[in-house]
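Good morning, and thank you for coming. Please turn to the sequence and the structure on the screen.

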Amino acid sequence: MPVMQVLEGHSGPVLAVAICSRTGLVITGSDDCSVRVWKPEAGHGSFKLMQVLEGHSGSVLTVRVCSMTGYIVTGSDDSTVRVWKMEEGKETFTLLQVLEHPSCVAAVAVCGRTGYIVTGSDDCTVRLWKPEEGKEMYTLLQVLEGHSDCVLSVAVCSRTGYIVTGSGDRTARVWKGEGRNDNYSLMQVLEGHTSCVAAVAVCSKTGHIITGSNDKTARVWKGEGQDERYSLLQALEGHSNSVWAVAVCSRTGYTITGSNDKTAGVWKPEDGSEKYVFCHALEGHTNSVAAVAVCSMTGLIVTGSFDTTARIWKGGKNDGIEA
């Protein structure tokens, strides 16, 4: 799978990437405290820098885009989450709101169904932020406690609303919302990794949870039965170092893993089976791959690295992930 473009401009490691399936915008967050927004050029098959978002006073560790609103959400080790809104009729994002944690914010996720923002922090907690009715503002709805170490990763299933969190305590936790106010409680603890769970993702197509760990593996968990208890379906092995990032294409089910071994792996659902087979190693970065994202509309893969670049990869028809 060839690299389509190398995005350069950050002066520090690219620690976070996201791609908006609605607009095609690519978002990169860096240790240089900035966020860059890259716009696809019509007819050129390439991306150009559209805007640099500044304001964080620490490394930008995580970025997401809300599919409902188009808001960009960024988390930083300055203990804040920033929500950015595109100005009407302009190709410019402005700061909408700052959400505060007591400690470093290592992870954010946005629920495409409700618009809720979920944040994970070094303070071992997960915070759930709800959009205020009739206002373009968020209020703290709930604090989820239970992890005994830093929360390093969060994801939300758009199909079930389940929140999945990964932690330095070597576990992932699944949280379920109930009632009109979506009061979340712990549903299950996923155990088995032998080191910290640095990454989590949920496939809205299959409901599978994917966890990535410093133990060099990613694990696929399947929900079964009426209460959807999760059990280990498969361990994805092949990386020679920590798995720091995972992403899933909701259209195809392809899973992408990013590793400290300087590569990203592409894993394909096996025909006639629920299991995955390794199909591509994305090579070219000269340092650890810290972040991965995949666009469910186009199949484009974005990787971010400690080599200060992001790379965009395009699959062909034989790769099975091309739109």
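I shall speak about the cysteines first and then about the salt bridges.

Let me say at the outset that this is a predicted model.

We begin with the cysteines. How many disulfides does a search of the whole structure find? The search finds zero. Take Cys33, which takes part in no disulfide. The nearest cysteine sulfur belongs to Cys104, and it is 12 Å away. With a relative accessibility of 23%, Cys33 counts as partly exposed.

Now consider Cys124. Why is there no bond between Cys124 and the closest cysteine sulfur, in Cys150? The two sulfur atoms are 5.7 Å apart, which is too far for a bond. A disulfide would require the sulfur atoms to be within 2.5 Å.

We turn next to the charged side chains. The count here comes to six salt bridges, and I shall describe some of them.

Please find Glu91 and Lys39. These residues form a salt bridge, and their closest N and O atoms are 2.6 Å apart. Which parts of the chain does this pair tie together? Lys39 lies in strand S4, residues 35–41, while Glu91 lies in the loop between strand S8 (80–86) and strand S9 (93–100), so the salt bridge links parts that are 52 residues apart in sequence. Are these two residues buried, exposed or partly exposed? Glu91 is partly exposed, at a relative accessible area of 43%, and Lys39 is partly exposed as well, at 23%.

Our next pair is Lys85 and Glu136, whose side chains meet in a salt bridge with an N to O distance of 2.6 Å. Lys85 is in strand S8, and Glu136 is in the loop between strand S12 (126–131) and strand S13 (138–144), so this pair joins parts that are 51 residues apart in sequence. Lys85 has a relative accessible area of 27% and is partly exposed. Glu136 is also partly exposed, with a value of 38%.

A further salt bridge connects Lys90 with Glu87, and here the closest N and O atoms are 3.5 Å apart. Lys90 counts as partly exposed at 49% relative accessibility, and Glu87 counts as partly exposed at 28%.

Finally, which residues are joined into one network by salt bridges that share partners? They are Lys222, Glu224 and Glu274.

To summarise, the search finds zero disulfides, and the count of salt bridges comes to six. Thank you for your attention.

Notes. Residues are numbered from 1 along each chain as its sequence is written. This is a predicted model: local features need pLDDT of at least 70, side-chain atom pairs count only at pLDDT 80 or more; totals for chains, interfaces and linings use all residues. Side-chain values use heavy atoms; hydrogens and water are left out. Buried means under 20% relative accessible area, exposed over 50%, partly exposed in between (1.4 Å probe, protein chains only). A salt bridge is a side-chain nitrogen of Lys or Arg within 4 Å of a carboxyl oxygen of Asp or Glu. Helices (H or I, at least four residues) and strands (E, at least two) are DSSP runs, numbered from the N terminus.
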